[in-house]
Amino acid sequence: MGGMPLNDMPWWRWRANVRSALHMISDPVFQREVWLAGQPGYGDVTDAVYRLVEDTWLDNWSAEKYVGTVFRDSQEAALVDVAVLRVLKILHQVGADAPVSAYLEHHAWPEAVRAAREAHVRLASRDGEDPDTPPRSLEILKIYTRTA
């Protein structure tokens, strides 16, 4: 972990899960090499979508609600909101149990990837991390967010 610690936010575990999901959704190389290839340890696209919205309820209200707890400022929240809306629209169209290819081949997926990338870069940079490192496995995320 680089400059600014992720765990300086009161709900940093939620932030870590949101960041992990945005990271995976924002990386087309990862999607091809891991999700499409069925590589274990990272979950699938549906898992990433649920990690993005499940604990935070970002499918029910704006990320602005979490400024100061999960997100550092309104700009982070606005970028996350755009990504969430684009991804959820696709989820509702293809279905939660759709194969990875249904998401990746959806006409709106590139726009969802772009929105997730913008949010991911902003959050990772603000946490002092390089946004271009490959996504961490779910096991690493679990270790990282474990309470002592």
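Analyst: A helix here is a DSSP run of H or I of at least four residues, a strand is a run of E of at least two, and both are numbered from the N terminus. In this predicted model, the elements of the chain follow one another as α-α-α-α-α-α-α.

User: How many helices and how many strands does the chain have?

Analyst: The count is seven helices and zero strands.

User: What makes the radius of gyration of the chain agree with a compact globule?

Analyst: For 148 residues, the radius expected of a compact globule is near 15 Å, and the chain has 14 Å, so the two agree. Along the principal axes, the C-alpha atoms occupy a box of roughly 35 × 30 × 25 Å. Buried residues make up 46% of the 148. Of the contacts between residues at least 6 apart in sequence, 70% connect residues at least 24 apart.

User: What does the chain expose, and which charged side chains does it have?

Analyst: The exposed area is about 7,400 Å², with 55% of it supplied by carbon and sulfur atoms. There are 16 positive and 21 negative side chains, and the centres of these two sets are 4 Å apart.

User: Why is helix α3 described as largely enclosed?

Analyst: Helix α3 covers residues 45-53, and seven of its nine residues are buried, so the rest of the structure largely encloses it. The buried ones are Val45, Thr46, Ala48, Val49, Arg51, Leu52 and Val53. They pack against α1, α2, α4, α5, α6 and α7.

User: How do you know that Asp44 caps the N-terminal end of α3?

Analyst: A side-chain oxygen of Asp44 is 3.1 Å from the backbone nitrogen of Thr46. A polar contact requires N or O atoms within 3.5 Å, so a pair at 3.1 Å meets that distance limit.

User: Why is Ser26 called buried?

Analyst: Buried means under 20% relative accessible area. Ser26 has 6%, so it counts as buried. This residue sits in the loop between α1 (12-25) and α2 (28-36).

User: What surrounds Ser26?

Analyst: Leaving aside residues up to four places away in sequence, Ser26 touches Gln31, Val113, Ala116, Arg117 and His120. A polar atom of the Ser26 side chain also lies 2.9 Å from the backbone oxygen of His23.

User: Why is Ala83 called buried?

Analyst: The relative accessibility of Ala83 is 0%, so the residue counts as buried. Ala83 belongs to helix α4. Not counting residues up to four places away in sequence, Ala83 touches Leu22, Ala115 and Ala116. Ala83 and Val113 are 30 residues apart along the chain, and their C-alpha atoms are 7.9 Å apart.

User: What makes the phi of Trp57 worth noting?

Analyst: Most residues other than glycine have a negative phi. Trp57 is not a glycine, yet its phi is positive, at about 60°. Trp57 is in the loop between α3 and α4.

User: Why is Trp57 called partly exposed?

Analyst: Buried is under 20% and exposed is over 50%, with partly exposed in between. Trp57 has a relative accessible area of 45%, so it is partly exposed.

User: Is Ser62 buried, exposed or partly exposed, and where does it lie?

Analyst: Ser62 has 31% relative accessibility, so it counts as partly exposed. Its place is the loop between α3 and α4.

User: How do you know that Ser62 makes a polar contact with Asp81?

Analyst: The limit for such a pair of N or O atoms is 3.5 Å. The side chains of Ser62 and Asp81 make their polar contact at 2.6 Å. The Ser62 side chain also reaches the backbone nitrogen of Glu64 at 3.0 Å. Ser62 and Val80 are 18 residues apart along the chain, with 8.8 Å between their C-alpha atoms.

User: Which backbone oxygen does the side chain of Thr69 reach?

Analyst: The side chain of Thr69 reaches the backbone oxygen of Tyr66 at 2.9 Å. Thr69 is in the loop between α3 and α4. Apart from residues up to four places away in sequence, Thr69 touches Met9, Pro10, Trp11 and Trp12.

User: Why is Gly95 called partly exposed?

Analyst: The relative accessible area of Gly95 is 23%, so this residue is partly exposed. Gly95 is in the loop between α4 and α5. With residues up to four places away in sequence not counted, Gly95 touches Ile90 and Tyr103. Gly95 and Thr46 are 49 residues apart in sequence, and 9.2 Å apart from C-alpha to C-alpha.

Key
Residues are numbered from 1 along each chain as its sequence is written. This is a predicted model: local features need pLDDT of at least 70, side-chain atom pairs count only at pLDDT 80 or more; totals for chains, interfaces and linings use all residues. Side-chain values use heavy atoms; hydrogens and water are left out. Buried means under 20% relative accessible area, exposed over 50%, partly exposed in between (1.4 Å probe, protein chains only). A polar contact is a pair of N or O atoms within 3.5 Å; within protein, one must be able to donate a hydrogen and the other to accept it, and residues adjacent in sequence count only if both atoms are side-chain atoms. Contact means heavy atoms within 4.5 Å. The radius of gyration is taken over C-alpha atoms; the globule rule is 2.2 Å times the number of residues to the power 0.38. Accessible areas come from the Shrake-Rupley method with a 1.4 Å probe; for residues, only the protein chains shown count as cover. Lys and Arg count as positive and Asp and Glu as negative; His and the chain ends are not counted. The place of a charge is taken as NZ of Lys, CZ of Arg, CG of Asp or CD of Glu.
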